[in-house]
Amino acid sequence: MILLKVNGTDHRVDCPDNKTLLEVLREDLELTGTKEGCDQGECGACTVLIGGRPFRSCMMLAVEVQGKEITTIEGLAKDGTPNYVQQAFMERQAIQCGFCSPGMILTATAFLEENPRPTKKEAVRAISGNICRCTGYTKIVDAIMYASEKKGGN
Ligand code: FES
Ligand code: FES
């Protein structure tokens with residue numbers, strides 16, 4: 001039995017030592033906003049925040065992250081209101097098929113926390129580990145820059 005703190009709630013999960021955080025989130029906690037893409041640490045679809053920083057949940061064992069603050073896409077909205085990055089992605093039509101969007105938005109949220117006034121080049125670099133199979137990076141980068149503006153960055 002392990003104890004995971006996800007989106008501010010403690011969860012006790014009966015979980016073997018070799019189960020990944022991604023599997024626990026999707027299968028045990030039914031937080032299916034976290035996507036499984038490559039399952040090899042390459043696409044970023046499974047990104048979650050741990051202690052506010054982005055990590056690939058397919059590459060981590062659930063037992064490793066006990067006691068840490070884990071945030072999934074389901075934890076970003078407050079009282080049903082999307083966070084400013086989610087809002088920017090919607091307003092700028094940066095969600096295409098949507099498969100990469102949770103990982104992109106979590107990565108961008110962590111990035112803008114650290115760098116609220118990024119250049120476009122920095123924004124491109126920040127999401128370089130998140131692959132969009134729709135190849136629609138222009139709108140995604142625009143949405144990140146727009147989120148920065150809306151938050152009083154640029
Ligand atoms: S599913 Fe984890 S990096 Fe692709
Ligand atoms: S929006 Fe389809 S994979 Fe990115």
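Biologist: In this predicted model, why is Lys 120 called partly exposed?

Modeller: Lys 120 has a relative accessibility of 48%, and since partly exposed covers the range between the 20% limit for buried and the 50% limit for exposed, Lys 120 is therefore placed in that middle class.

Biologist: What makes the contact between Lys 120 and Asp 142 a salt bridge?

Modeller: The N to O distance between their side chains is 4.0 Å, and because the rule asks for a lysine or arginine nitrogen within 4 Å of a carboxyl oxygen of Asp or Glu, the pair counts as a salt bridge. This pair links distant parts of the chain, with Lys 120 in helix H4 and Asp 142 in helix H5, 22 residues apart.

Biologist: How do you know that Asp 142 is partly exposed?

Modeller: The relative accessible area of Asp 142 is 30%, which lies between 20% and 50%, so Asp 142 is called partly exposed.

Biologist: Which residues are joined into one network by salt bridges that share partners?

Modeller: Lys 19, Glu 27 and Asp 28 are joined in this way. Lys 19 meets Glu 27 at 3.4 Å, N to O, and Lys 19 also pairs with Asp 28, where the closest N and O atoms are 2.9 Å apart.

Biologist: Why is Lys 19 called buried, and why is Glu 27 called exposed?

Modeller: Lys 19 has a relative accessible area of 15%, and because buried means under 20%, that label applies to Lys 19. Glu 27 stands at 52%, and since exposed means over 50%, Glu 27 counts as exposed.

Note on methods:
Residues are numbered from 1 along each chain as its sequence is written. Chains are lettered from A and ligands numbered from 1 in the order in which they are written. This is a predicted model: local features need pLDDT of at least 70, side-chain atom pairs count only at pLDDT 80 or more; totals for chains, interfaces and linings use all residues. Side-chain values use heavy atoms; hydrogens and water are left out. Buried means under 20% relative accessible area, exposed over 50%, partly exposed in between (1.4 Å probe, protein chains only). Helices (H or I, at least four residues) and strands (E, at least two) are DSSP runs, numbered from the N terminus.
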